[in-house]
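I opened this entry to record what I looked up in the model, going from strands to sheet to core. The sequence and structure come first.

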Amino acid sequence: MLHVTDRERDPVKIAVTVERAAAGWLAFAPEIRATAQGSTREEAMANLLSLLRTYPDLLADVRQAESRRVELVAL
């Protein structure tokens with residue numbers, strides 16, 4: 001789970017899937033349809049955070065949801 005903060009807004013949590021790919025690692029946030037890649041898991045996550053800081057409007061729908069709770073379910 002990724003915790004994103006914005007100085008002007010409340011923090012928001014989004015679920016992120018991180019997986020190994022042929023060219024390194026992918027960090028995918030399906031709820032906001034955002035993907036970032038990196039040569040390491042940490043770099044992929046850092047790149048996703050950078051993307052969200054550069055384009056904060058990607059979180060607009062998530063921030064506007066009236067009742068929202070992110071839960072991880074193992075199957």
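I count two strands as paired if DSSP finds at least two bridges between them. Helices (H or I, at least four residues) and strands (E, at least two) are DSSP runs, numbered from the N terminus.

**Provenance.** I note that this is a predicted model, in which local features need pLDDT of at least 70 and side-chain atom pairs count only at pLDDT 80 or more, while totals for chains, interfaces and linings use all residues. Residues are numbered from 1 along each chain as its sequence is written, and side-chain values use heavy atoms, with hydrogens and water left out.

**Overview.** I looked up the secondary structure and found two helices and five strands. Along the sequence the pattern reads β-β-β-β-β-α-α.

**Strand pairs.** I took β3 (residues 17-21) and β4 first; they pair in the antiparallel sense over five bridges. They form a hairpin with two residues between them. Within this pair, Thr17 has Phe28 of β4 as its bridge partner.

I then checked β4 against β5, which also pair in the antiparallel sense over five bridges. Here Ala29 is bridged to Ala34 of β5, and Leu26 to Gln37 of β5.

**The sheet.** Which strands form the open sheet, and in what order? I get three strands in the order β3-β4-β5, with antiparallel pairing. β3 and β5 stand at the edges with a single partner strand each, so one side of each has no neighbour in the sheet. I find neighbouring strands turned by 20 degrees against each other on average, direction ignored; axes are lines fitted to C-alpha atoms, for helices over the stretch in contact, and angles run from 0 to 180 degrees between N-to-C directions.

**The β4-β5 loop.** I looked at Arg33, which lies in the loop between β4 and β5. The hairpin of these strands has four residues between them. Arg33 has a positive phi of about 55 degrees although it is not a glycine. Is Arg33 buried or exposed? Arg33 is exposed, with a relative accessible area of 68%; buried means under 20% relative accessible area, exposed over 50%, partly exposed in between (1.4 Å probe, protein chains only).

**Faces of β5.** In a regular strand the side chains alternate between the two faces of the sheet. I see this along β5: Ala34, Ala36 and Gly38 point to one face and are buried, whereas Thr35 and Gln37 point to the other and are not.

**Helix and core.** I find α1 lying across β3, β4 and β5, at about 140 degrees to β5. I next looked up the largest nonpolar core (a set of buried Ala, Val, Leu, Ile, Met, Phe, Trp, Tyr and Cys residues joined through side-chain atoms within 4.5 Å). This core has 14 residues, and Ile14, Val16, Ile32 and Leu48 have the most contacts inside it. The elements giving two or more residues are β2 (9-14), β4 (24-29), β5 (34-38) and α1 (41-54). α1 gives the most, with four residues.

**Val12.** I placed Val12 in strand β2, where it is buried at a relative accessible area of 7%. Its C-alpha atom is separated by 7.1 Å from that of Arg63, 51 residues apart along the chain.

**Totals.** I note that buried residues make up 25% of the 75 residues in the chain. Among contacts (heavy atoms within 4.5 Å) between residues at least 6 apart in sequence, 35% join residues at least 24 apart.
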